[in-house]
Amino acid sequence: MDKPYSIGVDLGGTNLRVAVVARDGRIVEKIKISTCAEVIDHLIGSIERLFSDEINGIGLAIAGVMNVDSRRITSCPNIRLLEDMHIVDIIENKFKVPVFLENDAYAATLGESVAGVGKGFDSFVLLTLGTGIGGGVIYNGSPLKIAAELGHIIVETGGRRCGCGSLGCLEAYTSARAMIEAATEGIKGGRDSAMRGHIEAGADGIQPADIYRYAIEGDAFAMEILKTAGRYLGSGIASFINIFSPQAVILTGGLTGAWDIYLQEAIRWASENAFKELYAKTQIIRSSLGDDAGLIGAACLTFEHK
Ligand SMILES: [Zn+2]
């Protein structure tokens, strides 16, 4: 089983990405489609288009909770129909190559270690900052096979209800969803802000990119939302530094667009709250692969398993 290429699949709530990836993590050819009701047909069709006898195997990275041993997806809030189907068996039976399944954050961590900025570090923590907060850990050169639900460490005892059901998770304070809720609730509660017109008029509501723009334009409430989210993220990062003593914390996902406010505040807070000697050994940096990390990591699963 030493064919030169793999197919990596990253199936998220917004996009389906499928690519042919070489052993060094280089993307040879890529297809990107919006996630929709026919997503499984698109998934099979995209693999069919890219498949050849040079393909070693297929790796699937999916946002959800999965049982890697039984190769079943137990919870996938974005694409519920995956919970009732044997997607791995379906693809394996059709294409007759080994198929591997992993959580999208784990795959992104692996991808970043093989082909991204993580290549330079033996130990790092990767955090995906988007609608939710995910993560993974590379420790002494290998991905840690642990749950690594880094977005669900508790940062506020008895705090806000998280999507997972618990109270006070990091995700409930730092994710895109948390920022949108903070803006919407604040405006409903009478906060004075230039965001009011946007929130009251917009059918699509307000997005983190809008909040960032209002903050840059001088809106105090928008700035407060980003800085508050940044402080909670910084508390989380300080905890991860204290637990894993990584050489780097690598940040990826849509929210890294607000680096100069949200993430600078997170870095400042982490620097003040992590153990000083551990913080001094840790770089906090942006991912170099961006959206492609999960795809590349998924493909690398097939090379890892041989
Ligand atoms: Zn949670």
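Two strands count as paired when DSSP finds at least two bridges between them. Keep that in mind, since bridges come up at several stops on this tour of a predicted model.

**Stop 1: the whole chain**

Start zoomed out, with the protein chain shown as a cartoon. You should be able to pick out eleven helices and twelve strands. The radius of gyration is 20 Å, close to the 19 Å that the globule rule gives for 306 residues, so the chain is as compact as a globular protein of that length. Rotate the view a little: along its principal axes, the C-alpha trace spans about 60 × 50 × 35 Å.

What share of the 306 residues is buried? Buried residues make up 46% of them. Contacts also reach a long way along the sequence: if you take those between residues at least 6 apart, 64% join residues at least 24 apart.

**Stop 2: two domains**

Now colour by domain. Domain 1 is residues 5–111 + 291–305, and domain 2 is residues 121–287. Their C-alpha centres lie 27 Å apart. Where the two touch, domain 1 supplies eight residues and domain 2 supplies twelve.

Select helix α3, residues 104–115. On the domain 1 side of this contact, α3 gives the most, with six residues. Sorted by class, that side of domain 1 has five nonpolar, two polar and one charged residues.

**Stop 3: strand β1**

Next, select residues 5–11, which make up strand β1. Is this strand mostly covered or mostly open? Mostly covered: seven of its seven residues are buried.

Turn on the side chains here. In a regular strand, side chains alternate between the two faces of the sheet. On β1, one side carries Tyr5, Ile7, Val9 and Leu11, and the other carries Ser6, Gly8 and Asp10. Both of these faces are covered, with all the residues just listed buried.

**Stop 4: the neighbours of β1**

Strands of a sheet pair through backbone hydrogen bonds, either parallel or antiparallel. You can see both kinds from β1.

Add residues 15–22 to your selection, and you have strand β2. β1 and β2 run antiparallel and are joined by seven bridges. Follow the chain from one to the other and you go through a hairpin of three residues. To find one bridge, click on Asp10: its partner in β2 is Arg17.

Now add strand β4, residues 55–62. This time the pairing with β1 is parallel, over six bridges. Two partners to look up:

- Ile7 has Ile58 as its bridge partner in β4.
- Leu11 has Ile62 as its bridge partner in β4.

**Stop 5: the full sheet**

Show the remaining strands of this sheet. In what order do the five strands lie? They go β3-β2-β1-β4-β7, forming an open sheet with mixed pairing. At the edges stand β3 (27–34) and β7 (99–103), each with a single partner strand, so one side of each has no neighbour in the sheet. If you look along the sheet, neighbouring strands are turned by 15° against each other on average, direction ignored.

Two helices to add next are α1 and α3. Helix α1, residues 39–50, packs on the sheet and touches β1, β2, β3 and β4. Its direction makes about 20° with that of β2. Helix α3 packs on the sheet as well, touching β1, β4 and β7, and its direction makes about 100° with that of β7.

**Stop 6: three loop residues**

Finish with some single residues. Most residues other than glycine have a negative phi. Here are two exceptions.

Select Lys96, in the loop between α2 (87–95) and β7. Lys96 is not a glycine, yet its phi is positive, about 60°. With 8 other C-beta atoms within 10 Å, Lys96 is exposed.

Then jump to Ser245, in the loop between α8 (220–244) and β11 (248–252). Its phi is positive too, about 35°, although Ser245 is not a glycine. Ser245 has 17 other C-beta atoms within 10 Å, which makes it partly exposed.

For the last click, choose Glu149, found in the loop between β10 (142–143) and α4 (171–174). Glu149 counts as partly exposed, with 17 C-beta neighbours inside 10 Å. Draw a distance line from its C-alpha atom to that of Ser46: the two residues are 103 apart along the chain, and the line should read 30 Å.

Technical notes. Residues are numbered from 1 along each chain as its sequence is written. This is a predicted model: local features need pLDDT of at least 70, side-chain atom pairs count only at pLDDT 80 or more; totals for chains, interfaces and linings use all residues. Domain bounds come from an automatic or database domain assignment. Two residues are in contact if their C-beta atoms, placed from the backbone, lie within 7 Å. Helices (H or I, at least four residues) and strands (E, at least two) are DSSP runs, numbered from the N terminus. Ala, Val, Leu, Ile, Met, Phe, Trp, Tyr, Cys and Pro count as nonpolar, Asp, Glu, Lys and Arg as charged, and the others, Gly among them, as polar. The radius of gyration is taken over C-alpha atoms; the globule rule is 2.2 Å times the number of residues to the power 0.38. A residue is buried if 20 or more other C-beta atoms lie within 10 Å of its own, exposed if 12 or fewer, and partly exposed in between; C-beta atoms are placed from the backbone. Axes are lines fitted to C-alpha atoms, for helices over the stretch in contact, and angles run from 0 to 180 degrees between N-to-C directions.
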